Amino acid sequence: MASHRRPKAPNRTRVSILTAGAAAAVALTSQAAHAEPSKSEVKKKVDALYEQAEAATEKYNAAKDHQEKLTDQVEKIQDQVARGQEELNELRDGLGALAAAQYRGGGVDPSVQLFLSSDPDSYLDKASALDQLGTKQADALKQISAKQRTLTQQRQEAGQKLQDLEQTRTELGKRKAEVQKKLSAAQEVLNKLTAAERAELAEANAASRSTSRPDLGNAPASSSRASAALSFAASKVGLPYVYGATGPSSFDCSGLTSAAYASAGVGIPRTSQAQYSGAGTQISESQLAPGDLVFYYSDLHHVGMYAGNGQIVHASNPTTGITYAPLHSMPYMGAVRVG
């Protein structure tokens, strides 16, 4: 006769363990999915970091440009001070010879004693002293006084420029560190990918890169110099993007545009922001012609060159290098015609 035993009720402890285990498995699965972003998400994150690095780079370029200008100014002022000191020494030597001649003739005129004074101005300010001076002596002493004032001003100016230079060097270091931080963060994101995933990402980037010349139409350039600048930029398509580079084998965005116009015999500012405000005349989008500069993002940290037919050529980022792109592939802010 078959047994009709009632099935044993499941042990509550066992049920709890199984339930917890199932929940943990779901959680781990969710975490694993969250820990593995899609290739498009990785690309988006890396591109965002590259954009931040580019914004920091333009600030670095501005600080570097300012440093170079300050260095030139300091050197010129120091040269002026050195020449001025030589001229002052010659003036004093001439007045000293006059004093020696007077001494041999029976004594030094009180007015010539100004030569021995560390502050001729205080003596010259006295009208009574001027009455005792001969015309030649008065002219010599006035030259000495004027030269001393000029040298004092130049030394003060040089001192201020040197302080500015030191502050600029500090700023330069901060901006460089900021760029490196963003690049390192981008590299860390890429390092988390497997070799196969990196290869897939490289293929995706290659698909978005346009090194072949698109249909640019036949619109004439705004000038012969703009045409020459565009030809230069177009000839660099396919070369790498390097932060802070101005050529000849790599460029950043403003490095490419400044080098392009330099090749056409036109000097424009080094940074994208300075190019927008000082490279020429701001124009509307409807006025765009090949060779015009186009600017992107609210802080104007990216610049390219209009190539025609709704296309630009620009130094994009370390992933895509120098390439063609649609005019509105980034947040468009304005354009400038170099004049």
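# A guided tour of the predicted model

Begin by selecting residues 126-130, where pLDDT (the predictor's confidence in each residue, from 0 to 100) stays under 50 and the model has 2 contacts beyond four places in sequence, a contact being heavy atoms within 4.5 Å. Where pLDDT is low, the predicted coordinates should not be read in detail.

This is a predicted model, in which local features need pLDDT of at least 70 and side-chain atom pairs count only at pLDDT 80 or more, while totals for chains, interfaces and linings use all residues. Residues are numbered from 1 along each chain as its sequence is written, and side-chain values use heavy atoms, with hydrogens and water left out.

**The whole chain**

Colour the protein by pLDDT: the average is 81, and 74% of the residues score at least 70. Residues 13-34 lie below 50, and this stretch has 1 contact in the model beyond near neighbours in sequence. Now display the cartoon, which holds 9 helices and 6 strands; helices (H or I, at least four residues) and strands (E, at least two) are DSSP runs, numbered from the N terminus. Of the 339 residues, 37% count as buried, where buried means under 20% relative accessible area, exposed over 50% and partly exposed in between (1.4 Å probe, protein chains only).

**The sheet**

Select the 6 strands next. They form an open antiparallel sheet in the order β1-β6-β2-β3-β4-β5, two strands being paired if DSSP finds at least two bridges between them. At the edges are β1 (280-283) and β5 (322-326), each of which pairs on one side only. Within the sheet, 4 bridges join β2 (residues 293-296) to the antiparallel β3 (residues 302-308). Tyr 296 can be found opposite His 302 in β3.

**Two helices across the sheet**

Add helix α7 (residues 224-235), which lies across β3, β4 (311-315) and β5 at about 105° to β3. Axes are lines fitted to C-alpha atoms, for helices over the stretch in contact, and angles run from 0 to 180 degrees between N-to-C directions. Then add α8, which lies across β2, β3, β4, β5 and β6 (332-338) at about 50° to β3.

How many of the residues of helix α8 (residues 253-263) are buried? The count is 9 of its 11 residues, among them Cys 253, Leu 256 and Tyr 261. After α8 comes Gly 265, with a positive phi near 85°.

**A loop residue**

Move to Ser 316, in the loop between β4 and β5. Ser 316 counts as buried because its relative accessibility is 16%. Leaving aside residues up to four places away in sequence, Ser 316 touches Glu 54, Tyr 241, His 302, Gly 321 and Thr 323.

**Salt bridges**

The whole structure contains 7 salt bridges, each a side-chain nitrogen of Lys or Arg within 4 Å of a carboxyl oxygen of Asp or Glu. Select Lys 43 and Asp 47, whose closest N and O atoms are 2.8 Å apart. These two residues are separated by about one helical turn because they are 4 residues apart in helix α2 (residues 39-104).

In helix α5 (residues 135-191), Glu 171 and Arg 175 are also 4 residues apart, and their side chains meet in a salt bridge (2.6 Å, N to O). Include Glu 178 to see a network of salt bridges linking Glu 171, Arg 175 and Glu 178.

Finish with Arg 270 and Asp 252, joined by a salt bridge (3.2 Å, N to O). The pair links distant parts of the chain, 18 residues apart: Arg 270 is in the loop between α8 and α9 (272-278), and Asp 252 is in the loop between α7 and α8. Both Arg 270 and Asp 252 are buried.
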